[in-house]
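Here are some notes to read alongside the structure, written for someone new to looking at protein models. Please keep the sequence and the view open while going through the points.

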Amino acid sequence: MMELEGEKPKYGEPKKYDPTFKGPIYNRGCTDIVCCILFIICILGYVAVGILAWSQGDPRKVIYPTDSRGQFCGQAGTPLETKPLLFYFNIMKCASPMVLLEFQCPTTQMCVEKCPDKFMTLLKAYTNKEDFKYYKNFCKEGLEGLTVTQILSSGLCPAMLTPSKPFTRRCFPALGQKKGGEITVGNNSKFDDGEGNIRDAKDLVAGVKNATVVIEARQVAMKIFEDYTQSWYWILIGLVIAMLISLLFIVLLRFLAGIMVWVMIVMVILVIGYGIFHCSMEYVSLKSEAGSNVTLKDLGFQTDFSVYLHIRQTWLAFIIILAIVEVVIILLLIFLRNRILIAIALIKEASRAIGYVMSALFYPLFTFALLSIVIAYWAVTAVFLSTSNQPIYKVFNETACDHSRKICEPANFSTSSMKAECPDSKCLFAFYGGETVYHKYLIGLQFYNVFLFFWCANFVTALGQMTLAGAFASYYWALVKPDDMPAFPIFSSLGRSLRYHTGSLAFGSLILSIIQIIRVLLEYIDHKLQGTQNKCTKFLLCCLKCCFWCLEKFIKFINRNAYIMVAIYGKNFCTSAKDAFFLLMRNMIRVAVLDKVTDFLLFLGKLLIVGLVGIFAFFFFSGRVKAFENTAPNLHYYWVPILTVVVGSYLIAHGFFSVYAMCVDTLFLCFLEDLERNDGSAERPYLMSDRLLKVLNKKNKPEPAE
């Protein structure tokens, strides 16, 4: 519908012809100075938090287990250097529900050199000199001249020893299971608890489970770690292959963009089709295998993920998912076939631009290096903050006691009133905490660490987007290419961005970081309220998380286009965001059917690279190909290197294609501006390439003959 005469346009005034405009201006000033100052102050505060955390923190608390005195087992340079393992006096006390709440077993714990490897009670060992000498390795000092009763009442020795094995630097009973399902420890189903009672080995199970709440997960983690040590060089080879394929694609797109896009589309369809065929063959081959008809629901969660590959329902799910993806891609290609031609022309133009700015292909390495520094600083600071507490000791007892779980001092506990009122109580190390001002605000410092991590990471990403946008915009608006372009477009654009627009970059990344930290808080609240929510609360939290997810995606879209406008015009963030938004809204149809189709084609390129490398990794690590059967490493889970290669390949492909995507978005905004500023006349010629002019049915009128 046409605008009424005199009425203000709904999405702002279109850009008018300006004979002085020659692309990214060089005579510009600093933008969003207040936000720049705020960002610098916050960075200095972030450095101060890091220094404070490093001075107070102790990462040994994460690495080494601690005994009942809070000492580190196996730490080099200490008396416990030769005692790396933690031993529990009575593992059965770890079956208490309080263990799950406080993560501390209410029994004496001490550092030992080796775990016990035999059954033994203190009563029997006391009568044999050699046995008692062995038993002393698991006792405290000061046993000379004491009777068995005195030793047990003082808590200097455990009442019994059971055969144990070390796991995660802790001694746990060596539990086994006979064919009939009977639980054993040290090949025996019963044992003497040292107090005259014969007990079943199954009584140890609850204590072991509670003492190691995440024991099964840790076992999987250790197996995964072992798989990485066995296959890391093959993983690197797979990632190098992904990088070479990505680079080859970029080079071929530079010269054969049209052909490569169609080849890419056909290959994606064929790769997905092959995946459907392979899954169908696996589904059929499992028909005669016993137990393959078990449903995934009945199977439940299994730590050995290879079990799922022997279930027919797993392969049926793969077939359905791949078939849906195949149908969706084919339907999109059918309905968007005309728009794909325009998108190909835009990709060709992007290829030409990258040809003039080849250094842009390697700029993601710089962004990756900066992001690595940001992530490393955040992770180290988080570890030091979480380990900067002081050891807290609490009263643990077996009988009723008014002082149970109260804070105590181990140095004078034996002569304290707490010990007098509760004779069987012990003052044991509970956890790391503190009552100082620093410890009270520790959660606030962790929150600040997370927030600044988001802000810095978004700032680095924004810097990369603005730098690339400035370089590609200088290409588009150059009347004579490459003569009217800067000698080093990337370095020139990077210098302008840092010198003049640090504030704008900080402003945009701040808005995005606030939304991301709100999403983190919503997830934290949802986690804390699990089990106590009613349906209304769940629905409200779900709506909030969905809304903020959509808001984050929208802000990323606005920021990306705002940075392009800042790179071109040098205006502040808000003005650039408004101009970019109104420009896109005035060309809504072109945005929907052209820019997004181009993004879809680039996504297919990434999908193809990941698919090719993923298929190669699957056949190599799974040993399905006889040629690689003896070459592939022996692994617990062959999906570990496969997933690593697939995810790494996607990140590598995304890094290369993100340059293309940024180039396309920049050129897209530039040619929208070109269409508004110019009309193709001799006085106002279009600056876009002849290819784009032809696809858009536009042309420049020749200059009139004199």
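1. The model is a predicted one, and a good place to begin is the pair of helices H15 and H21, whose crossing is right-handed. The residues that make this contact are, on the side of H15, Gln 465, Leu 468, Ala 469, Phe 472, Ala 473, Tyr 475 and Tyr 476, while H21 brings in Val 659, Met 662, Cys 663, Thr 666, Leu 667, Cys 670, Phe 671 and Asp 674. Sorted by class, the contact of H15 with H21 holds 12 nonpolar, two polar and one charged residues.

2. Two packed helices are described by the angle between their axes and the distance between the axes. For H15 (residues 442-476) and H21 (residues 639-677), the angle is about 50 degrees and the axes lie 9 Å apart, which means that H15 is oblique to H21.

3. A single residue worth finding is Asn 559, which sits in helix H18 (residues 535-569). Is Asn 559 buried or exposed? Its relative accessibility is 5%, and because buried means under 20%, Asn 559 counts as buried. Leaving aside residues up to four places away in sequence, Asn 559 touches Gly 508, Ser 509, Leu 512 and Phe 573.

4. Finally, please look at strand S1 (residues 85-88), where Leu 85 and Phe 87 point one way, Leu 86 and Tyr 88 point the other way, and all are buried. S1 pairs with strand S2 (residues 109-112) in the antiparallel sense over four bridges, and the bridge partner of Leu 86 in S2 is Cys 111.

Key
Residues are numbered from 1 along each chain as its sequence is written. This is a predicted model: local features need pLDDT of at least 70, side-chain atom pairs count only at pLDDT 80 or more; totals for chains, interfaces and linings use all residues. Side-chain values use heavy atoms; hydrogens and water are left out. Axes are lines fitted to C-alpha atoms, for helices over the stretch in contact, and angles run from 0 to 180 degrees between N-to-C directions. Helices (H or I, at least four residues) and strands (E, at least two) are DSSP runs, numbered from the N terminus. Angles under 35 degrees count as roughly parallel, over 145 as roughly antiparallel, 65 to 115 as roughly perpendicular and the rest as oblique. A crossing is left-handed if the near helix is turned anticlockwise from the far one by less than a right angle, and right-handed if clockwise. Contact means heavy atoms within 4.5 Å. Ala, Val, Leu, Ile, Met, Phe, Trp, Tyr, Cys and Pro count as nonpolar, Asp, Glu, Lys and Arg as charged, and the others, Gly among them, as polar. Buried means under 20% relative accessible area, exposed over 50%, partly exposed in between (1.4 Å probe, protein chains only). Two strands pair if DSSP finds at least two bridges between them.
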